[in-house]
Amino acid sequence: MAPQSLAGRRVLVSAGPTREALDPVRYLTNRSSGKMGYALAAEAAARGATVTLVSGPTALTTPLGVQRLDVTSAAELAQAVLELAPQQDAVVMTAAVADFRPVNVATHKLGKEQLGEQPTLTLTRTVDVLAALGAARGAGRSLPQPLLIGFAAETGIDEARVLGKLAAKQCDLLVVNDVSRTDAGFDADDNRVVIYDAAGARQALPLLPKREVAGRVLERLVELLAARCSAVPADG
Ligand code: CTP
């Protein structure tokens, strides 16, 4: 049995892709399978946490002991995560949230005649959930705020870009994987990640099953939670 190192902790994990509708039969999405997020939710629950899994559309089974909330679009995911985040000890954002959505969503299926030969899609930005949580934390330092763990899917790891993302999202850990490799990342059962802390220090892990990657990430979370507790002054 896993050590109960997260007993009494509340952890929210987001997982899977989002779907951004164009019309009732078409949507924009991405290749996320949700496997990494589901592995994290399962592992956090096995370590004693109360886990809420906010999941985009996936083909996966809800892990034992995990409460799952299904969402479809980036807007639905943002609403669920931002509402639940203040009650959590940690928020782990493995979801591959769409960065853009179509400005117009047709209520009827768009036909070829209507669209013409070279139709143009106009997109607009979605809310960056992780960055919003990071920014909110900066604004309300006296409130208890969850620790934030981000995931970044990169095609080739460019350290300067990763450090920029870490700063932009203001998260405590950023777990980076190179999705251009075929043995790890999207839909694979294994993953090879580098964990960056808020100061930019890196810990490279070998190729491991996603459940073991989850365990290693959660070990870092347990350390951060313990450090935060010991940093709170005795009078509150
Ligand atoms: N993320 C989020 N909300 C978004 C987009 C991303 O919360 N609208 C979170 C993801 O869940 C992930 C982290 O931000 O934890 C990094 O996502 P990634 O797609 O790698 O980074 P982006 O910020 O989208 O940057 P870019 O597309 O420029 O690589």
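Biologist: How far is an oxygen atom of the ligand from a polar backbone atom of Met93, and how should I read such a distance?

Modeller: A polar contact is a pair of N or O atoms within 3.5 Å, and in this structure an oxygen atom of the ligand lies 2.7 Å from a polar backbone atom of Met93. This is a predicted model, in which local features need pLDDT of at least 70 and side-chain atom pairs count only at pLDDT 80 or more, while totals for chains, interfaces and linings use all residues. Residues are numbered from 1 along each chain as its sequence is written, and side-chain values use heavy atoms, with hydrogens and water left out.

Biologist: Which parts of Phe151 and Lys169 face an oxygen atom of the ligand, backbone or side chain?

Modeller: For Phe151 a polar backbone atom is 2.9 Å from a ligand oxygen, whereas for Lys169 a polar side-chain atom lies 2.4 Å from an oxygen atom of the ligand. The protein covers 80% of the 570 Å² of accessible area (Shrake-Rupley method, 1.4 Å probe) that the ligand has on its own.

Biologist: How many residues surround the ligand, and which come nearest?

Modeller: Counting residues with a heavy atom within 4 Å, there are 17 around the ligand, and Met93, Ala95, Arg161, Lys165 and Lys169 come nearest. By class, this shell holds 10 nonpolar, 2 polar and 5 charged residues, where Asp, Glu, Lys and Arg count as charged and Gly is among the polar ones.

Biologist: Which helices and strands each supply at least two residues of that shell?

Modeller: Reading helices (at least four residues) and strands (at least two) as DSSP runs numbered from the N terminus, we find helix H4 (129-139), strand E9 (147-154) and helix H5 (159-169) in that role. Strand E9 gives the most to the shell around the ligand, with 4 residues.

Methods:
Polar contact = N/O pair within 3.5 Å; in protein donor to acceptor, adjacent residues only side chain to side chain.
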